[in-house]
Amino acid sequence: MANVTDLQTKYSKLAQEYSKLRAQNQVLKKAVVDEQANSASLKEQLKQRDQSLRKQEQEMDSLSFRNQQLAKRVELLQEELASKGDSPSQHGLQTQSVFDEDLQKKIEENERLHIQFYEADEQHRRQEAELKARLEELEKDAEQHQTAVDLLTTKYVETIERLQSDKARLEVKSQTLEREAKECRMRTEECQQQLRRCQSELNRQVKQSSSVIQEKVPFNDTKFSDYNSLNVPSHNRRHQLKARDVAGQALSFIQDLVAALLNFHSYTEQRVHIYPLDSSIEPISPLNQKFSQYLHENAAYVRPLEDSFLQLYQSITEDTVTVLETVVKLKSFADNFSTYTHFLQKILPYQLKSLEEECEAPLCTTALTAKNKELQSDTKKVTSVFEKLQNYINLLALPSVRQDAMPQSSTSAVFTQLAACLHSLHDAIKEMSKHYNQKAGIEQELPTVTQKLCTTTECLLGSLGSLTSSTGKIATFFSNNLDFFTSSGYNPRGCTVALNPLQAESMLANKKKAAIYINAIKKARPQSVPYREALSNRRILTSSTESREGLTQQVQQSQEKIARLEQEKEHWLLEAQLGKVRLEKENQRIADLEAQLAAALGGSPNSQTAAASTLAQSQEEAETELRATGKETTLCTSLVGMLCTTPTVEHVGDEESREQLIKTHYMARVGELTTQLQISDSKAVHFHSECRALAKRLTIAEKSRETLSDDVKMANQNITRLQDELATTKRSYEDQLSMMSDHLCSMNETLSKQREEIDTLKLGSKGNAKKNKGR
């Protein structure tokens, strides 16, 4: 049962961890959805920025085109002026003034457009830098979320493996319990057969004994109390078994109580050395030094309680007579209990003064002072209850020392008062534990509290808890067995007189003599295999065959499990390799995406150089195409870095070459942005698929956990049912055997009495016959 409880606690812890991980997974899912929404909004912003950039580039192209037109017009005007130098000066001046005004307007418009373009370019660069920083943050968050999801996956896998191992262990345990149940059924069948044989034999003996009693017994002395008091009472084996069982249970409770008292006194000593003054820093007060010295000697007063009660338990056997008059070892336990009570009385004033010193500490609050006063009253109450227990235990030990020390009518009253005193002890210690818990909570709020004091206080609270539990168990145990303690186990049949220790000794001596006599009159039987030996050999044979079958089944199951585990191992190895390949691909894809994004955005010098290189490549491709067609272009750069062309061949069209270059440049840009968009979409789809796969794994893990928990519950129910069946069968067989043995003992006693009476009657008849002959 302890293993089952441990498994239940482990499963409860695993369920708590699983609920925590499930909550974290929900948070991560929500974060992934938020990040997807943020990425979609960023894409929209990026599209808008690209559209504004295209508009601005178109405006710049139109401006550059108008600048070229103006330059051509100025050149034409200059040529006309040069060709018409001989015209009148007035006409030239008018024409010149018109051209100057037109030129001035164009120059002003050009400057205004340049300023607008510069401002738009600066704004675009700032927005591009902000978007790039935001993108980096989002990528970092995505990596963190991915690591968190991986950790959750590993935890789920470990939890599933652990649950599978627990399930296998429980299956093995259930198989062993089934085998034990089968053995118990076989034993019950054998015991039933033995019971039938014993019943038939007892019926035969009863008939024979009744006929002998009717024919041979002329006088029954049990009808008269005066004669019946001289008879030795029969041995009550059931009472002895019950007394030994009760003493064993009491011994386990006394051991728990001794361990709790040792821990309580030891941790109290440690606390005295720590609070209110730490002995490692400054010396403590003389009062606490003396108190600590007394507490250090607690083992010399507490250990003898367990030793003396162990001797009392060992003195109670199946062949003895256990009543208050015969339990001699109870006196040593009472003496040791009195010694421990004197120890408590000795340390009581020191404990009270120590609590007063804690109240006099500079940082002691009013609430802490009140709790210390309550603890003082609790300590006094516990000591007084131990004194009462000492008096009652000494009263119960008196009949084994002196005869007629306590009347039989007062025994039940002493046991009843002792049970009430044990309950009051449990209540007092429970109240002390409650006040110590409240005091510890107040002390933790003090600024000067140390970790060593907190640890010692926790240990002290734990010892008080175990002390409360042990005293409660003792009080409940004593109250439940109060009827057994107050009942008289040994009395002559039909008599209410208490058993005398001398009568008990004579009864045991007569029992030994009868056993020796029965062994002496037994006849030697021919040599053969005894029935018990044959029965034990048969049990060994059946158990060995069953164990061999169970071992073969276990070997087959273990082989199947090994094969299944190897398959799962290969599967998970392949999964790990695929995951590593996916991770490498994703890292490479992220690096390519970052490089392409940096080249497309151009927010840094490296990105600007990359953009310039792409522009140069597009220009070189356009030049090669024009050269292939027999055309040549000359490239120049304006103030804003835009591309303009100047024709060098008369038959080459300026507009066609410029449109071709602009078209190639924008087609290249469109292709790059299209690839970036495709990569972003593929990454988003990948993340979405990963999240769906994780959700599926989570649902599968939850279903497997539910099935495993159901299996564990069924196994626990089977275990408890089998244990209950085993306990009931054992109890019934023990009761039946004890009743049969008691009946056999009573029948043997009656037969021996009848034989003795027959012998006495024969001797009396022979004496009468001799007297008659003499007359």
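Modeller: Helices are DSSP runs (H or I) of at least four residues, numbered from the N terminus. The structure under discussion is a predicted model.

Biologist: In which helix is the place of Arg22?

Modeller: The numbering of helices from the N terminus fixes the label. The run that holds Arg22 spans residues 2-83, and this run is helix α1.

Biologist: Does Arg22 count as buried, partly exposed or exposed, and what is its relative accessibility?

Modeller: Buried means under 20% relative accessible area and exposed means over 50%, with partly exposed in between. Arg22 therefore counts as partly exposed, its relative accessibility being 39%.

Biologist: Which residues does Arg22 touch, not counting residues up to four places away in sequence?

Modeller: One partner is remote in sequence, since Arg22 and Glu702 are 680 residues apart along the chain. In space, their C-alpha atoms are 9.6 Å apart. With residues up to four places away left out, the residues that Arg22 touches are Tyr156 and Glu702.

Biologist: Among contacts between residues at least 6 apart in sequence, what percentage joins residues at least 24 apart?

Modeller: The secondary structure of the protein comes to 15 helices and two strands. Of its 775 residues, 30% count as buried. For contacts between residues at least 6 apart, the share that joins residues at least 24 apart is 86%.

Biologist: Which element gives the largest share of the largest nonpolar core?

Modeller: This core has 64 residues, of which Leu330, Phe333, Tyr340 and Leu396 touch the most other members. Two or more residues come from each of α4, α5, α6, α7, α8, α9, α10 and α11. The largest share, 14 residues, comes from α4.

Biologist: Which residues does Phe333 touch, not counting residues up to four places away in sequence?

Modeller: Phe333 is one of the four core residues that touch the most other members. Leaving out residues up to four places away, Phe333 touches Ile254, Leu305, Ser308, Phe309 and Ile393.

Biologist: How many residues does another core, apart from the largest, contain?

Modeller: Apart from the largest core lies another, with Tyr275, Cys364, Leu368 and Ile442 among its members. The number of residues in this other core is eight.

Biologist: Are α4 and α7 roughly parallel or roughly antiparallel to each other?

Modeller: The axes of α4 and α7 come within 13 Å and cross at roughly 30°. The crossing is left-handed. Angles under 35 degrees count as roughly parallel, and α4 and α7 are therefore roughly parallel.

Biologist: Which residues in α7 meet α4?

Modeller: On the α4 side, the contact is made by Ile254, Leu261, His265, Arg271 and Val272. By class, the contact of α4 with α7 has eight nonpolar, two polar and two charged residues. The α7 residues are Phe333, Tyr340, Phe343, Leu344, Ile347, Ser354 and Glu358.

Biologist: Are α4 and α10 roughly parallel or roughly antiparallel to each other?

Modeller: The axes of α4 (residues 237-274) and α10 (residues 451-480) come within 8 Å and cross at roughly 155°. The contact has 16 nonpolar, ten polar and four charged residues. Angles over 145 degrees count as roughly antiparallel, and α4 and α10 are therefore roughly antiparallel.

Biologist: What is the handedness of the crossing of α7 and α8?

Modeller: The axes of α7 and α8 come within 9 Å and cross at roughly 165°. The two helices are therefore roughly antiparallel to each other. The crossing of α7 and α8 is left-handed.

Technical notes. Residues numbered from 1 in each chain as written. Predicted model: local features only at pLDDT ≥ 70, side-chain atom pairs only at ≥ 80, totals over all residues. Heavy atoms only, no water. Axes fitted to C-alpha atoms, helices over the stretch in contact; angles between N-to-C directions. Parallel < 35°, antiparallel > 145°, perpendicular 65-115°, else oblique. Nonpolar A, V, L, I, M, F, W, Y, C, P; charged D, E, K, R; others polar. Core = buried A, V, L, I, M, F, W, Y, C linked by side-chain atoms within 4.5 Å. Buried < 20%, exposed > 50% of the residue type's maximum accessible area, 1.4 Å probe, protein only. Contact = heavy atoms within 4.5 Å. Left-handed = near helix turned anticlockwise from the far one by under 90°.
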